Amino acid sequence: MDNFIFKNSFCAWIDLLGYGAAFYQNDWDLHASESIKNLCRIKKLEPVLHSISTPFFETLFSLNDGIIRNFDIPQKDALMMMQWLVDVLLKFKVINDLDTSNGFYGARGVITYGLRAQYRDFDTIGKGDLIQTSNEKREEYNKTRIIYTPNEMQMNTAFSKAYIIESGGSSKGLLKNRIHLDEKMLDKFVYYINHAAPTQFGLTD
């Protein structure tokens with residue numbers, strides 16, 4: 001049987017609202033004025049979109065107008081877990097406030113819990129790994145990475161759930177400019193507080 005690395009994770013998927021419309025309406029021409037406006041929109045948000053507070057446990061991925069914040073849950077550090085959740089919520093508010101003040105639509109987010117299974121023992125492959133060349137040239141070629149398989153995103157059920165829930169949009173009852181917490185995520189959050197640091201925080205319901 002293959003050996004897999006399993007991790008318990010929380011994942012936040014945050015998506016800018018109305019971002020695709022400009023591209024649809026301009027036949028995906030990135031030079032169109034509305035497309036440029038969209039690029040400027042995300043550029044202004046970049047400092048907060050790409051900011052994290054728990055680098056020991058969190059990995060952030062930027063995917064066009066969406067942000068994935070994956071947090072591998074530590075066994076004995078409830079405080080760090082709390083810090084991560086507070087940071088996600090506060091940063092989400094800053095993103096919304098900044099984006100709407102610039103005349104755009106803000107963001108919608110979902111935070112979920114799930115297992116992730118790492119099934120590859122590498123996360124990137126460089127050009128030099130796939131061609132026959134000298135060791136010296138291989139090192140130079142490998143500066144260009146051509147396959148990305150991030151460990152944290154290999155069969156990440158928390159991300160999958162967050163993405164599917166958010167994609168349902170208003171038709172599934174999600175509100176605009178809001179972040180939604182999966183009930184299973186809250187249950188697990190309380191569970192890890194009670195098992196990691198009950199003497200520090202007391203039992204939490």
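**Contacts.** I count two residues as in contact when they have heavy atoms within 4.5 Å of each other. With that cut-off I looked up how contacts spread along the chain of this predicted model. Among the contacts in the protein with a separation of 6 or more, 69% are between residues 24 or more positions apart.

**Overall figures.** I took the extent of the C-alpha trace along its principal axes and got about 55 × 50 × 30 Å. The protein has 205 residues, and buried ones make up 39% of them. For the accessible surface I noted about 12,400 Å², with 54% of that area belonging to carbon and sulfur atoms. I then went through the charged side chains and found 23 positive and 25 negative. The centres of these two sets lie 1 Å apart.

**Secondary structure.** I listed 7 helices and 7 strands. Reading along the sequence, I wrote the pattern down as β-α-α-β-β-α-β-β-α-β-α-β-α-α.

**The sheet.** Which strands form the open sheet, and in what order? I found 5 strands, ordered β2-β3-β1-β4-β7, with mixed pairing. The edges are β2, residues 58-63, and β7, residues 179-181, each of which pairs on one side only. From one strand to the next I noted an average twist of 25°. As a reminder to myself, strands of a sheet pair through backbone hydrogen bonds, and the pairing can be parallel or antiparallel.

**β4 and β7.** I looked next at how β7 is attached to its partner. Strand β4 covers residues 107-118 and is joined to β7 by 3 bridges. The two strands run parallel. For a position to find on screen, I marked Val-110, which stands opposite His-180 in β7.

**Helix on the sheet.** I checked what helix α6, residues 183-196, touches. Helix α6 packs on the sheet and touches β1 (5-16), β4 and β7. I noted an angle of about 60° between the direction of α6 and that of β4.

**Glu-139.** I picked one residue in helix α4, which spans residues 135-141, and that residue was Glu-139. Is Glu-139 buried or exposed? The relative accessible area of Glu-139 is 61%, so I entered Glu-139 as exposed; the cut-off for that word is over 50%. I also looked up the distance from Glu-139 to Arg-178. The two residues are 39 residues apart in sequence, and their C-alpha atoms are 46 Å apart in space.

Notes: Residues are numbered from 1 along each chain as its sequence is written. This is a predicted model: local features need pLDDT of at least 70, side-chain atom pairs count only at pLDDT 80 or more; totals for chains, interfaces and linings use all residues. Side-chain values use heavy atoms; hydrogens and water are left out. Helices (H or I, at least four residues) and strands (E, at least two) are DSSP runs, numbered from the N terminus. Buried means under 20% relative accessible area, exposed over 50%, partly exposed in between (1.4 Å probe, protein chains only). Accessible areas come from the Shrake-Rupley method with a 1.4 Å probe; for residues, only the protein chains shown count as cover. Lys and Arg count as positive and Asp and Glu as negative; His and the chain ends are not counted. The place of a charge is taken as NZ of Lys, CZ of Arg, CG of Asp or CD of Glu. Two strands pair if DSSP finds at least two bridges between them. Axes are lines fitted to C-alpha atoms, for helices over the stretch in contact, and angles run from 0 to 180 degrees between N-to-C directions.
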